[in-house]
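Visitor: Could you take me in for a close look at a single part of this one? I'd like the pocket story, and whatever else you can tie to it.

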Amino acid sequence: MKAIVLHEHGGADKLTLDRQFPDPRPGPDDVVIRVKASSLNYHDVFTRRGMPGIRLPFPVIIGLDVAGEIAEVGSEVRDWKPGDRVLVDPIDRVNGGLVGETTHGGLAELCRVAAHQLIRLPDEVSFTEAASLPVAYGTALRMMETIGRVQAGEKVLILGASGGVGVCAVQLAKLAGATVIACAGSREKAERLRELGADDVILYTEEDFVKVVHERYGKAARRRSVRGGGVDVVVNFTGGDTWVKSLRCLRLGGRVLTCGATAGFDPKEDLRYIWTFELQILGSNGWEREDLHRLLELVGTRRLKVLIDREWPLEQGAQALSSLEDRKVFGKVLVTP
């Protein structure tokens, strides 16, 4: 089969197209999926670059998110048959491991996974929509609802709003009844975020988002007896030099929601803001199986939109990942073999 294969850590040149990679064969409890779509995430960038403490079984096919049709089932598989439309939960919750990292992923024509990782795909949800959900939308759902408990009437500032997690976070905040303030890097992205439901957009490339928040929404008061301003929630999964700035945007008792650090995991910290304004820092890691079922229901009933920036052919999988790495996208990047 054809596959995009990583043989060693490094830059985009370390991802190569192999036209004769061995076809996977199912074990007794496995299935082989004919991949219809695989979406890329910033985690795939980290996998290519290398992450401290994580050793990969080179060569490895990257791509965490996979949707397709079952091509072959193992001898002990009873609930699935060839032709079934499926979405893969990238996390192997029985044996441990992660698709596209510890086992071969979706940037290939075929992909083998354990049968217990499968979720039946409803007819109302396309392969490309389904493949966009687990890592980005699943992470956003857990962060915004389960951990963050975003409520109606709250003011929510979302950094990185134009990426896969961001566009879902914008929609989930609107579904909850919150006022959404999205940060964008270009006027084109700003306009698309407004179309998606953002009530206010800040162009962080042209203006200091902290200054804009203070001008439009006020500054936090140090005492509850004094009426103050600021936003209720900041969604920050970029880290880096935006971290302390995020704290400065919050009201007294406000909270930061984070699920990643695409711009740096060890930012400068200022603990004074945390204790002075009684801030809450809430971390969210990944998703649960039920989150994927809820996402499929939201997408199937069209209450949640899957924003796709572009679909790339398998042969250009390395370039597709580079477009994500360079932050040139709005929404999800798909590879369709």
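Guide: By class, eleven nonpolar, six polar and three charged residues make up the lining of the second largest pocket. This is a predicted model, so to speak of the pocket is to speak of computed geometry. The volume of that second largest pocket comes to about 260 Å³, and 20 residues line it. Nearest its centre you'll find T103, H104, R112, V113 and A114. Now look at strand β7, residues 110-114: it gives the most to this lining, with five residues.

While you're on that stretch, have a glance at C111. With a relative accessible area of 1%, C111 counts as buried, because the cut-off for that label is under 20%. C249 is buried too, at a relative accessible area of 0%. What about a bond for C249? Its sulfur has the sulfur of C183 as the closest cysteine partner, but the two sit 7.7 Å apart, which is too far because a disulfide needs the pair within 2.5 Å. By that rule, the count for the model is zero disulfides.

Step back and you can place these residues in the wider layout. The chain is divided into domain 1, covering 3-134 + 287-335, and domain 2, covering 148-283. Taken over C-alpha atoms, the centres of domain 1 and domain 2 are 30 Å apart. The contact between them draws twelve residues from domain 1 and 15 residues from domain 2.

Methods: Residues numbered from 1 in each chain as written. Predicted model: local features only at pLDDT ≥ 70, side-chain atom pairs only at ≥ 80, totals over all residues. Heavy atoms only, no water. 1 Å grid on protein atoms, 1.4 Å probe; cavity = no way out; pocket = protein on both sides within 12 Å on 5 of 7 lines; lining within 4 Å. Points joined across faces, edges and corners; volume = space filled by probe spheres on them. Helix = DSSP H or I, 4+ residues; strand = E, 2+ residues; numbered from the N terminus. Nonpolar A, V, L, I, M, F, W, Y, C, P; charged D, E, K, R; others polar. Buried < 20%, exposed > 50% of the residue type's maximum accessible area, 1.4 Å probe, protein only. Domains from an automatic or database assignment. Contact = heavy atoms within 4.5 Å.
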